[in-house]
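Okay, hi everyone. Let me put the structure up, and then I'll walk you through it piece by piece.

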Amino acid sequence: MMTRKLSTLLLSVMLVYGCTGNQENELSSKSINCDTINANNANQCLRLNHVQVLGTHNSYKLLPHPDLINALNQHLDGWAKDIEYEHKPLAFQLENLGIRQFELDLYADPNGGRYARPSGALLIEDNEFLNHEDLMQPGFKIIHIPDVDYRSTCLTFKSCLKEIRDWSLANPNHLPIMIMAEAKDGERRDSGAISFTKPIPFNTTLMHEIDSEIMDVFEDQHIITPDKVRGNDSTLNEAIQNNGWPTLAESRGKVLFALDNTGEHKSMYLDGNSNLEGRVMFVSSAAPEPTAGFIKMNDAIRQADLIQDYISKGYLIRTRTDLPTQEARSGSTKRMEIAFQSGAQYLSTDYPEVSPFGSGYIVKFPDTEGIARCNPISAPQGCENQYLEE
């Protein structure tokens, strides 16, 4: 029997030379009859947008240090209420919790060391996160709120990506993994004992540098890019309407990236590549924008009808099943249930495990023990959850 280490090595070589097993599936899918979905043709007939999976919000985040919470509560009681959640390391989430969508917050640090001495860590002598080797390296840092909510399971963008890449290579039949990146540069006013580090504002060069760091970690064959989905069509939106998203056979074992930002940051990312030519990430766009394909719609309750409408038209949607600690404290499942019913493909939560607040709140699919289910809005008739197994 081939060992996992050898299997991983062989797959890495295959990705480098563009010879993944998916290529054979891509060719055979053209001659497959998809009028009736069954176990034999599901992989070639079901597409990326026909599936619903769970994701995590601020996927890298750890709890603030309890000593910091106690110290700062003296200045502003309850300041940490909305950030009292945390996640296991990314590979653990992939392997043990079935998570297939992540969200990573990026702070620019081209020279390294900018975030190496968080005020909160200095205040309580949290030495684990003071002058950490990863924080001293140049490149994007993964932080929720500098100086107060600075504890992360992976501290650099590249280290997070490598963790996902290595798990992916070891599990080549996995459903595609969506990775959302949010460029963060908002300033905060100093408060009490905390002096906030001033972020470096993003510009077009830094926005495009996100792609560069991704490509430093992943081979091109490992990524579903806008160019690959657009193909020979004029726009991404046109391609999705004409041809749809890649099949599961074409997308298993791969990742795709999306920019979480809209507004100015999105405009900078599209600067010089208004149709996402050569770019790695999809952007949140709705028709009639030529880049329409993926849409971030976080308010599952207010946007439920609109989400369903977009899903029926072939778009990929990410929404949230809970707000920070709100449902986890109350136990309310209303938002989660509406999110499930909306058909959004990516359901982002802070609670893939039971809430620590005693409410019993947890996000899991109601009708399958698997990591994914057939999309209630977009999946074709005959789709069964068992066809989505990895």
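So, F257: you'll find it in strand β5. Keep in mind as I talk that this is a predicted model. Is F257 buried or exposed? Its relative accessible area is 0%, and buried means under 20%, so F257 counts as buried. Who is in contact with it? If we skip the neighbours within four places in sequence, F257 is in contact with L161, M178, I179, I214, F218, I223, V280, M281 and F282. Take I179 from that list: in sequence F257 and I179 are 78 residues apart, yet C-alpha to C-alpha they are 4.8 Å apart in space.

Now zoom out to the sheet. What order do its strands come in? Going across, it reads β3-β2-β4-β5-β6, which makes 5 strands in an open sheet with mixed pairing. β3 and β6 each have a single partner strand, so they stand at the edges, and one side of each has no neighbour in the sheet. In the middle of that order, β4 and β5 run parallel and are joined by 5 bridges. If you want one bridge to look at, try M178, whose partner in β5 is L256.

Next, the helices on this sheet. α9 lies across β2, β4, β5 and β6, and runs at about 140° to β6. α13 packs on the sheet too, touching β4, β5 and β6, with its direction at about 130° to that of β6.

Let's stay with α9 for a moment, residues 204-217. Which of its residues are buried? They are L206, M207, H208, I210, D211, E213, I214 and V217. You've met I214 already, in the list of F257 contacts. The cover over these buried residues includes β2, α8, β4, β5, α13 and β6. And look at the start of α9: there, a side-chain oxygen of N203 comes to within 3.1 Å of the backbone nitrogen of T205.

While α13 is on screen, follow the chain into the loop between α13 and β6, where N275 sits. N275 has 11% relative accessibility, so it counts as buried. What does its side chain reach? The backbone oxygen of S234, at 2.7 Å. Apart from residues up to four places away in sequence, N275 touches R230, S234, T235, L236, P290 and T291.

Okay, over to another sheet. This open sheet has 5 strands as well, in the order β7-β8-β9-β1-β10, and again the pairing is mixed. At its edges are β7 and β10, each pairing on one side only. From one strand to the next, the twist averages 25°. Which way do β1 and β9 pair? Parallel, over 4 bridges, with β1 covering residues 51-56 and β9 covering residues 346-349. One bridge to find here is T56, with T349 as its partner in β9. There's a helix on this sheet too: α16 lies across β1, β8, β9 and β10, at about 175° to β8.

Last stop, the aromatic rings. How many aromatic pairs are there? The count comes to 9. Take F129 and Y150: their ring centres are 5.9 Å apart and their planes are at 65°, so this pair is edge-to-face. F129 is in the loop between α6 and α7, while Y150 is in the loop between β3 and α8, so to speak 21 residues along, and the pair links distant parts of the chain. F129 is buried, with a relative accessible area of 4%, and Y150 is buried with 4% as well.

Then there's F340 with F365, a tilted pair, 5.5 Å centre to centre with 40° between the planes. F340 belongs to helix α16, and F365 to the loop between β9 and β10, 25 residues apart. Both of these are buried. Ring pairs also link F140, F157 and F202 into a cluster.

And two rings have a charged residue for company. K61 lies over the face of Y85, at 4.6 Å from the ring centre, and R279 lies over the face of Y269, at 5.3 Å from the ring centre. That's my tour, thanks!

Conventions: Residues numbered from 1 in each chain as written. Predicted model: local features only at pLDDT ≥ 70, side-chain atom pairs only at ≥ 80, totals over all residues. Heavy atoms only, no water. Helix = DSSP H or I, 4+ residues; strand = E, 2+ residues; numbered from the N terminus. Buried < 20%, exposed > 50% of the residue type's maximum accessible area, 1.4 Å probe, protein only. Polar contact = N/O pair within 3.5 Å; in protein donor to acceptor, adjacent residues only side chain to side chain. Contact = heavy atoms within 4.5 Å. Pairing = 2+ DSSP bridges. Axes fitted to C-alpha atoms, helices over the stretch in contact; angles between N-to-C directions. Phe/Tyr/Trp six-rings, centres within 6.5 Å; stacked < 30°, edge-to-face > 60°. Lys NZ or Arg CZ within 6 Å of the ring centre and 35° of its normal.
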